[in-house]
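Student: Could you take me through one part of this fold up close? I'd like to hear how the strands and helices there fit together.

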Amino acid sequence: MIRTMRRFRARPGAEPAVERAWQATAGRLGGLPGNVGRDLLRDAQDPRSFVMVTEWTDESALRGYERGPVAAALADTLGPLTEPSGADGVLVMRDSPGSGSTIFVDVALTVPADRRAEFDRGYPEVTARMARVPGYLREDLLREPDSDVFHIFAEWRGEAEFFRWIRDPAHAREEAGPIAPFLLEIRRRLFHRVDHPDSSREPSSGKESDVQTTTDVLIVGAGPTGLTTAVELARRGIDCRLVEKRATPPGQADKAIGVHCRTMEIWERQGIVRQAMDAGIWLTGNMVFVNGHETHRMSWELPELPYAHLGLPQYETERLLTDRLATLGVRPQRGAELVGFTQDDDGVTATLATAAGPETVRARYLVGCDGAHSRVRELLGLTFSGGLGRFPQLFMLGDVDVDWDMPAGHLLRFMHETDGRMDGMLVCVPLRGESRYRIATLAPPRFFAQTGGQDAPPGFSEELAEPSLDDVQAAVDRLAPPGTRVSNLRWSSVFRISHGIVDRYGEGRVFVAGDAAHLHPPAGGQGMNTGIQDAWNLAWKLALAVRGVAAPGLLDSYETERRPEGEEIVGRAVRMAFTDELDRDDLKRQFLQEMSMLLSYADSPLVGESLSAPDALRAGPGPGDRAPDVGGLRRRGVRHPLRLPDLTAGTGHTLLIYADGSADAAALASIGTLCADVRRWTAGQIDVYLLLDPAAPEPALFDPPVVRDADGEFRAAYGVTGSALYLIRPDGHVGFRSRPIDADALGKNLQLVFGGAR
């Protein structure tokens, strides 16, 4: 048996006409050869959205319908009544195993009208719990019109994962508990996806008749920024497509090396930090020499940092992120280049050039992570504020072994100045391997001659000859300690530095991130790490928008929060490019700033606080600040202490409610109600924990879970006393804080993010 499900959305006020059109056609459908079922379902959470379900004995019967007059008449009738959209397309399934691994489960259940409020309260919590189940991807809640029958239509990565979950007797209690009473009598059907290229006719206006594939988010560019965006969307069950014009991934270290401390924290959340540490080398400090004399030295091994600064070639970074993405069921499509796109109120239609020919993709959103020569940036008409700056010098890179007596693990910068002006620079970054370094320095004069007197383009210049080992040795002879020798040149390249930031980070449903949005000198490895931070900020907001629970201005906050940071980083990198150091008086703060550990979104309209006194929570992180890591947390049943990231490692917001022995009894008694409220306000996209001081009595609550601040680390780092709360965003920044607990102010703040859920 073959099942098709076509989703479309009625124009405002046209819902009754859509139902009448269906009723007029359903009888004709039932009379077609091979038709065994037909239903029109409505989205229980969006009354204007419909799903047309048809079932057929085989694919031949389905093709006969799609190519016949009934399908054409239905499309013509529904066209004026529905919004033009192809973002969800048609889903074709069979009730026996197909070629793909994705499966769909249709659970039909009855919700009596007098218990609808009970079901509506419990369902958002169930979807939030299910998001953490391995293999579960997403689901829709559909309803048969004028009926108490609902359909939970869920997508799973594979049959094995679904049955592993369903056969666990604890699953009903752990995930489905809030609606378990409604699941006592259900009808369950299992389907497998079918590739069906003939299913292109949509019951819409026909604008998207040439669309070949659909997705929620199309990501252009499979570098670190694009891969991070895809990982974060896939972790949240959002369907995404990642395309890359390069046919093969890079195989040499011709780009970023340094992985910042903050990026390491992100990788811990994404599940690749161990693999990164295994593949990389710790960068333990830096030394600067001017005219042969050491001007300063600093250790980067700071005890307050959860992770140190890692050295890892960018091709390894891309490999780790690609492998992680594969575990989430997504693989980059290589050899696919964006040619153009158009956008409307409902989505983006993009054209790709592939080896198999042109392909048209319909997506709700598009993210351009396609680097310094971004096609997305060009098509959006974005310009660089103040113009694109270019350094006049040409530089060269080389991967060599260096024989010298220098501290291992240190980034070394050698500079030469004449009359206070820098006229020579050599930067040496350690790589994994004995005595192996990445060398960056000014290119020999002959490379300028090879440009024919023309301005060399920014980036790596493949048209120029590769520097030789002798070229590298000549730079080392001039700037490095006497007697230093280089050998084993693995590769080399000439490049030109450009710098700038775009005037805006997106338009409509299209955004840019990473090098598509900002270009920097390579000082400090800012380009790759800043791009990862862009993706880290944007992806969780896109996920909420796709789910339909985002507040109207949520996606605008991406530019509001990230562009000022990009502007500051570009400016700082340009200032530092040809100086021995920006600020010698406070090297530690400068290092923490370079590592994004001091990054704050304090000026964001999304963050806020409610304090009983101006100095309340003064010792803790402010709104928009990075939420610091703490340890020494204890949870009943767990033998080892926990860290705060153990509580905030999910894909949604985390609310931390704190109380000590002096906390107001009435405030503690209301925590259970507050917990239920915030889950309702956020459509279940939140985890809540009660953090208790060691001496605080434990209230008689089933929810939220209780964690003890056994060593007082949270109290000290967050400056809390009495009762207080901190709302931690999915990107690890403080969204809201209050002392004492202010439920009304918290609700107003959450509405800035989850306006669509209220």
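Tutor: Here is a walk through strand β9 and its partners, followed by an open sheet elsewhere in the chain. Keep in mind that this is a predicted model.

Let's start with β9, which covers residues 213-220. Of its 8 residues, 6 are buried, so the strand is largely enclosed by the rest of the structure. One of its partners is β19 (residues 357-368), and the two run parallel, joined over 7 bridges. Within that pairing, L218 sits opposite L366 of β19. Another partner is β10 (residues 240-244), again in the parallel sense, here over 4 bridges. In this case I219 of β9 stands opposite L242. Helix α7 (residues 224-235) belongs to the picture too: β9, α7 and β10 together form a right-handed β-α-β unit.

Now for the open sheet. It has 7 strands with mixed pairing, in the order β29-β35-β34-β31-β32-β33-β30. At its edges stand β29 (608-611) and β30 (633-634); each has a single partner strand, so one side of each is left without a neighbour in the sheet. Further in, β34 (residues 723-728) pairs with β35 (residues 734-739) in the antiparallel sense, over 4 bridges. There you'll find L725 opposite S738 of β35. Helix α19 (residues 671-681) packs on this sheet, touching β31 (653-659), β32 (686-692) and β34. If you like angles, the direction of α19 makes about 160° with that of β32.

How values were computed
Residues are numbered from 1 along each chain as its sequence is written. This is a predicted model: local features need pLDDT of at least 70, side-chain atom pairs count only at pLDDT 80 or more; totals for chains, interfaces and linings use all residues. Side-chain values use heavy atoms; hydrogens and water are left out. Two strands pair if DSSP finds at least two bridges between them. Contact means heavy atoms within 4.5 Å. Axes are lines fitted to C-alpha atoms, for helices over the stretch in contact, and angles run from 0 to 180 degrees between N-to-C directions. Buried means under 20% relative accessible area, exposed over 50%, partly exposed in between (1.4 Å probe, protein chains only). A crossover is right-handed if, with the strands pointing away from the viewer, the path from the first strand over the helix to the second runs clockwise.
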